[in-house]
Amino acid sequence: MKNFIFENSTKVIFGEGCVKEYLLSMIQKFSEGNTVMLAYGGGSVKKNGIYDEVKGILDGAGIKTVDFSGIMANPTYAKVLEGANTARENNVGLILAVGGGSVMDCCKAAALAARYEGDIWTDFWSSPDVIDFEPLPLGIIVTAAGTGSECNGGAVITNEEFKIKTGRDYTECNAKFVLMDPAYTYSVPKRQMVSGSFDTLSHIMEIYFSLPDEDNISDDISEALMRSVIRNLRKAVKDPLDYTARSNLMWAATMAENRIIKLGKQTDFECHQMEHQLGAYIDCNHGEGLAVLHPVYYRHIYKDGLYKFSRFATEVWGISPNGKNLEQLAEAGVEALADFIKEVGLPTSLRQIGVNEKTDLKAIADSCNCVSGSYRKMTHDEILKIFKECY
Ligand code: NZQ
Ligand code: ZN
């Protein structure tokens with residue numbers, strides 16, 4: 001195992017009815033004033049009743065609210081600054097992010113920017129630095145499972161000016177509390193439920209397929225999590241109102257990104273690097289972009305990680321090793337993943353997610369970081385090759 005320091009300060013409250021029961025006490029505990037900034041996305045919370053429920057609780061307690069709405073998928077830096085200004089102008093004591101990963105990420109960055117005189121993109125996103133001040137307190141109500149953003153300090157932001165989508169994970173940016181009611185995810189459209197769950201699976205794979213490969217409890221937990229995501233996504237596709245399936249998908253998303261399964265591991269995240277840059281150029285759906293890239297990326301690297309890819313085949317997909325050498329077994333695991341992607345209706349080509357003949361795939365490939373934790377480090381040429389194979 002690699003050495004590690006573990007820290008996760010977010011208080012998690014999970015279960016049906018948790019917003020009604022605990023929201024007020026959390027705000028009373030963590031808010032630094034009597035005004036809460038209610039932050040949300042493109043309006044799903046107004047249609048499914050979540051906004052009314054939350055606003056009703058706050059109004060009923062005499063807490064002043066100011067809305068920060070219209071946070072888009074793949075949130076932009078301009079939107080982050082808008083949120084920070086709204087918080088400052090209204091003397092907000094806590095930001096309450098009600099939504100999926102995009103709302104959570106935008107609010108984490110806005111909470112930081114609201115308490116900082118300089119430019120947070122230059123000072124903390126373009127390259128990492130030390131945060132020596134307290135961001136504005138942040139609380140989260142999760143409405144869509146997938147990113148796991150609710151329990152880490154990560155915020156993935158798109159800077160439209162530079163065409164860069166990048167994430168930083170600062171422990172200082174962890175939310176103070178998160179309320180997770182699986183029933184809040186019933187209204188998530190099937191397409192987003194599947195893509196969010198694939199994002200979770202992707203996070204686990206990006207961590208699992210990295211050195212060291214010696215006995216590590218993180219890898220054992222990862223295998224259990226992957227089996228759970230696959231099983232419960234199949235159930236939720238059949239019955240979107242299956243509370244147990246929704247609960248497991250929601251908690252697996254958190255477990256994948258609350259830093260626990262990264263302990264002792266290098267981690268890869270090259271597929272995320274590629275997908276984020278695709279997102280910066282074509283604004284595609286995150287989980288769908290990953291679904292297109294993963295099988296092709298793994299066909300490129302599995303021979304450099306035969307032990308782990310063959311273990312993936314047997315432990316995650318239940319493939320029998322009988323009659324197969326290590327390479328055939330490893331390959332069968334990657335193909336089982338590709339089959340699953342088709343089975344749940346995810347896209348399998350870049351064309352399906354918005355890339356066309358005018359898209360400059362070389363520019364996108366050249367803008368990707370080549371990370372060092374992969375079984376084989378990518379080059380920009382090989383990334384371009386992968387993009388072309390995915391097209
Ligand atoms: O915007 P609204 O109207 O709310 O609709 C959203 C959006 O259209 C909808 N939705 C959310 N909850 C709903 C609902 N619709 C009906 N009922 C509900 N209860 O779902 C759509 C997608 O939402 P979004 O937040 O964009 O999706 P997701 O949770 O997948 O977040 C994606 C963003 O998170 C970043 C991604 O790059 C992307 O920008 N990531 C953040 C990470 C982190 N901070 O740790 C890690 C990830 O790897 C990822 O990069
Ligand atoms: Zn992701």
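Q: In the loop between which two helices does Pro212 lie?
A: This is a predicted model, where local features need pLDDT of at least 70 and side-chain atom pairs pLDDT 80 or more, while totals for chains, interfaces and linings use all residues. Residues count from 1 along each chain as its sequence is written, chains are lettered from A and ligands numbered from 1 in written order, and side-chain values use heavy atoms, with hydrogens and water left out. Helices here are DSSP runs of H or I with at least four residues, strands are runs of E with at least two, and both are numbered from the N terminus. Follow the chain to Pro212 and you land in the loop between helix 7 and helix 8 (217-238).

Q: What is omega for the peptide bond that joins Leu211 and Pro212?
A: Stay in that loop between helix 7 and helix 8, where Pro212 sits. Leu211 and Pro212 are joined by a cis peptide bond, with omega about -5°.

Q: Which residue in the loop between helix 4 (77-89) and strand 4 (94-99) has a positive phi?
A: The phi in question is near 50°, and the residue is something other than glycine. Look in the loop that links helix 4 to strand 4, and there you'll find Asn91.

Q: Which protein residues are the donors of the zinc ion (ligand 2)?
A: Donors are N, O and S atoms within 2.8 Å of the metal (3.2 Å for Na, K and Ca), and water isn't among the atoms, so sites may look incomplete. Along the chain, the zinc donors follow the spacing D-x3-H-x68-H-x13-H. At 2.0 to 2.2 Å from the zinc ion, they are Asp199 (OD), His203 (NE2), His272 (NE2) and His286 (NE2).

Q: How many residues apart in sequence are the parts that Asp199 and His286 tie together?
A: Both Asp199 and His286 are donors of the zinc ion. Asp199 belongs to helix 7 and His286 to helix 11 (residues 286-301), so this pair ties together parts that are separated in sequence by 87 residues.

Q: How many residues surround ligand 1?
A: A residue counts as near if one of its heavy atoms lies within 4 Å of the molecule. The closest ones are Gly42, Ser44, Gly101, Ser102 and His203. His203 is also a zinc donor. The full shell around ligand 1 comes to 30 residues.

Q: How many of the residues in the shell around ligand 1 are polar?
A: Ala, Val, Leu, Ile, Met, Phe, Trp, Tyr, Cys and Pro count as nonpolar, Asp, Glu, Lys and Arg as charged, and the others, Gly among them, as polar. The shell has seven nonpolar and three charged residues, and the polar ones number 20.

Q: What percentage of the area that ligand 1 exposes alone does the protein bury?
A: Start with the polar contacts (N or O pairs within 3.5 Å): an oxygen atom of ligand 1 is 3.1 Å from a polar backbone atom of Gly43. A nitrogen atom of the ligand is 3.2 Å from an N or O atom in the side chain of Ser149, and a nitrogen atom is 3.5 Å from a polar backbone atom of Val188. Taken alone, ligand 1 exposes 960 Å² (Shrake-Rupley method, 1.4 Å probe). Of that area, the protein buries 86%.

Q: Which elements give two or more residues to the shell around ligand 1?
A: One of them, helix 7, also holds the zinc donor Asp199. The full set is helix 5 (101-113), strand 6 (154-159), helix 7 (190-208) and helix 10 (270-282).

Note on methods: Polar contact = N/O pair within 3.5 Å; in protein donor to acceptor, adjacent residues only side chain to side chain.
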